[in-house]
Amino acid sequence: MADLTIIGAGVAGLWAALSARKAGLEVRVIDRNGPPGPHGCSWWAGGMLAPFCEGAVAEPAVVTHGQHAAAFWAGVTDVTHHGSLVVALERDRGELARFARRTTGHALIDDIAALEPDLAHHKPALYFKKEAHLDPRRALSDLVAALAAAGVQIERAEATPEDTQGPVIDARGMAAALPGLRGVRGEMVVLRAPEIRLSRPLRLLHPRHPLYIVPRPDGLFMLGATQLESTDRRGATARAVLELLSAAYALDPRFAEAELVETGADLRPAYADNLPRITRRGRVLHLNGLFRHGYLMAPALAAQAVAYLTQGIKGDLLHED
Ligand SMILES: Cc1cc2nc3c(=O)[nH]c(=O)nc-3n(C[C@H](O)[C@H](O)[C@H](O)COP(=O)(O)OP(=O)(O)OC[C@H]3O[C@@H](n4cnc5c(N)ncnc54)[C@H](O)[C@@H]3O)c2cc1C
């Protein structure tokens, strides 16, 4: 008999399972698609652990909790601690000053060449030294491997909390259809450009088409991401790809010669305040609303859920209905 059933094996469910297992609980993890893959939002993420940059628009809780994300992840997968950079094109320089006013944890640098020789002409830049990134698909498979090592397999089955008995964590993302949960569509592109060297995520501030680029192994770059209120789960639209590629081209024209490896899209599950939360309804804890902060916030959300289940501790992300 499991002490806890977890429905959904995206980044939220997997972190909940690992945290619960580490707290000594017997857990059962169910996902209608089996292990993580292109069926879940977590598959399409950039893998940025960027609490300070996100603070430009996110609530303070994201900045506070997000600062611990890299340490959580380092216990599971490879985390690159190279910080991140924010730049703007000459004509949009005012955006950089505005971004700097809305964020903390950065330094204005003129010598970007010392960090990214290929981008020497983009100066000044904001350098967020304490930020990090990871390869999200590798991170998901490392979470699955850590669970397997702890004796937990992902069961392929469709379920709702009503189908289960005892304590249950509902981590079904958008499929949970909870009150107030909405979809924010994100579209992404993966390019291969081995001749371009970039060792940290880079954001290009742009009044219409903001872009971030996250380097991955083997000369790959993830370009993201649109942000549209939507219920549309189709693949990326031509418009989104066009906008992302145009912004990348403006950043470095060599991206025009890159191999187009992949495009993708999914709905980010979000509440009105764009903050994730644990909603308790009887024996059910709904872990949801991770918006664009699944990798940043899932470890903290899971830790709070397990602290509540095992010790009754109520954290700031817990809401009781
Ligand atoms: C383009 C893009 C870029 C992003 N970049 C970043 C980033 O750089 N950093 C960051 O922190 N976040 C990022 N995000 C956000 C992040 O991906 C999401 O916040 C996160 O993936 C949400 O995870 P989840 O576990 O709640 O949902 P999901 O990953 O969707 O997982 C839900 C799981 O539940 C399963 N399921 C659904 N219904 C059932 C059922 N009835 N029975 C059993 N199983 C079920 C599904 O199969 C799925 O596996 C990005 C998102 C997008 C789209």
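Here is a short chat about a predicted model, its two domains and some of its residues.

Me: Hi! How is the protein divided?
Reply: Hello! In this predicted model, domain 1 takes in 4-46, 135-179 and 272-320, while domain 2 is made of 84-129 and 182-270.

Me: How many Å apart are the C-alpha centres of domain 1 and domain 2?
Reply: They lie 28 Å apart.

Me: And how many residues of each domain are in contact with the other?
Reply: On the domain 1 side there are 19 residues, and they are in contact with 21 residues of domain 2. The area buried between the two domains is about 1600 Å², with carbon and sulfur atoms giving 54% of that.

Me: Which three residues supply most on the domain 1 side, compared with any other three?
Reply: Those are Trp 44, Met 174 and Phe 291, which supply 40% of the area that domain 1 buries against domain 2.

Me: What about salt bridges between domain 1 and domain 2?
Reply: The count there is one salt bridge. Glu 262 pairs with Arg 137, and their closest N and O atoms are 3.0 Å apart. Between the domains you'll also find eight residue pairs in polar contact. As for the side of domain 1 that touches domain 2, its residues divide into nine nonpolar, seven polar and three charged.

Me: How many salt bridges does the structure hold?
Reply: It holds 26 salt bridges. A good one to look up joins the side chains of Glu 54 and Arg 203, at 2.9 Å from N to O. Glu 54 is in helix H2 (residues 51-54) and Arg 203 is in strand E11 (residues 202-205), so this pair links distant parts of the chain, 149 residues apart.

Me: Are those two buried or exposed?
Reply: Both are buried: Glu 54 has 4% relative accessibility, and Arg 203 has a relative accessible area of 10%.

Me: Which other residue forms a salt bridge with Glu 54?
Reply: Arg 292 does, with the closest N and O atoms 2.9 Å apart. Arg 292 sits in the loop between strand E17 (284-288) and helix H8 (294-311), 238 residues apart from Glu 54. At 27% relative accessibility, Arg 292 counts as partly exposed.

Me: Where is Asp 78, and what does it pair with?
Reply: Asp 78 meets Arg 138 in a salt bridge of 3.5 Å, N to O. Arg 138 lies in helix H6 (residues 136-149) and Asp 78 in the loop between H4 and E4, so the pair ties together parts 60 residues apart in sequence. Asp 78 is exposed at 52% relative accessible area, whereas Arg 138 is partly exposed at 40%.

Me: Which residues are linked in a network of salt bridges?
Reply: Asp 118, Arg 197, Asp 252 and Arg 254 are linked that way.

Me: New topic: where does Val 76 lie?
Reply: Val 76 is in the loop between helix H4 (69-74) and strand E4 (84-88). Val 76 counts as buried because its relative accessible area is 16%, and the cut-off for buried is under 20%. Leaving out residues up to four places away in sequence, Val 76 touches Trp 15, Leu 18, Asp 142 and Leu 143.

Me: Last one: what about Arg 277, buried or exposed?
Reply: Arg 277 is buried, with a relative accessible area of 17%. You'll find Arg 277 in strand E16 (residues 277-281). Its side chain has a polar contact of 3.5 Å with that of Asp 273. Beyond neighbours within four places in sequence, Arg 277 is in contact with several residues, including Tyr 271, His 286 and Leu 317.

How values were computed
Residues are numbered from 1 along each chain as its sequence is written. This is a predicted model: local features need pLDDT of at least 70, side-chain atom pairs count only at pLDDT 80 or more; totals for chains, interfaces and linings use all residues. Side-chain values use heavy atoms; hydrogens and water are left out. Domain bounds come from an automatic or database domain assignment. Contact means heavy atoms within 4.5 Å. Buried area is the accessible area (1.4 Å probe) that two parts lose on being put together, summed over both. A salt bridge is a side-chain nitrogen of Lys or Arg within 4 Å of a carboxyl oxygen of Asp or Glu. A polar contact is a pair of N or O atoms within 3.5 Å; within protein, one must be able to donate a hydrogen and the other to accept it, and residues adjacent in sequence count only if both atoms are side-chain atoms. Ala, Val, Leu, Ile, Met, Phe, Trp, Tyr, Cys and Pro count as nonpolar, Asp, Glu, Lys and Arg as charged, and the others, Gly among them, as polar. Helices (H or I, at least four residues) and strands (E, at least two) are DSSP runs, numbered from the N terminus. Buried means under 20% relative accessible area, exposed over 50%, partly exposed in between (1.4 Å probe, protein chains only).
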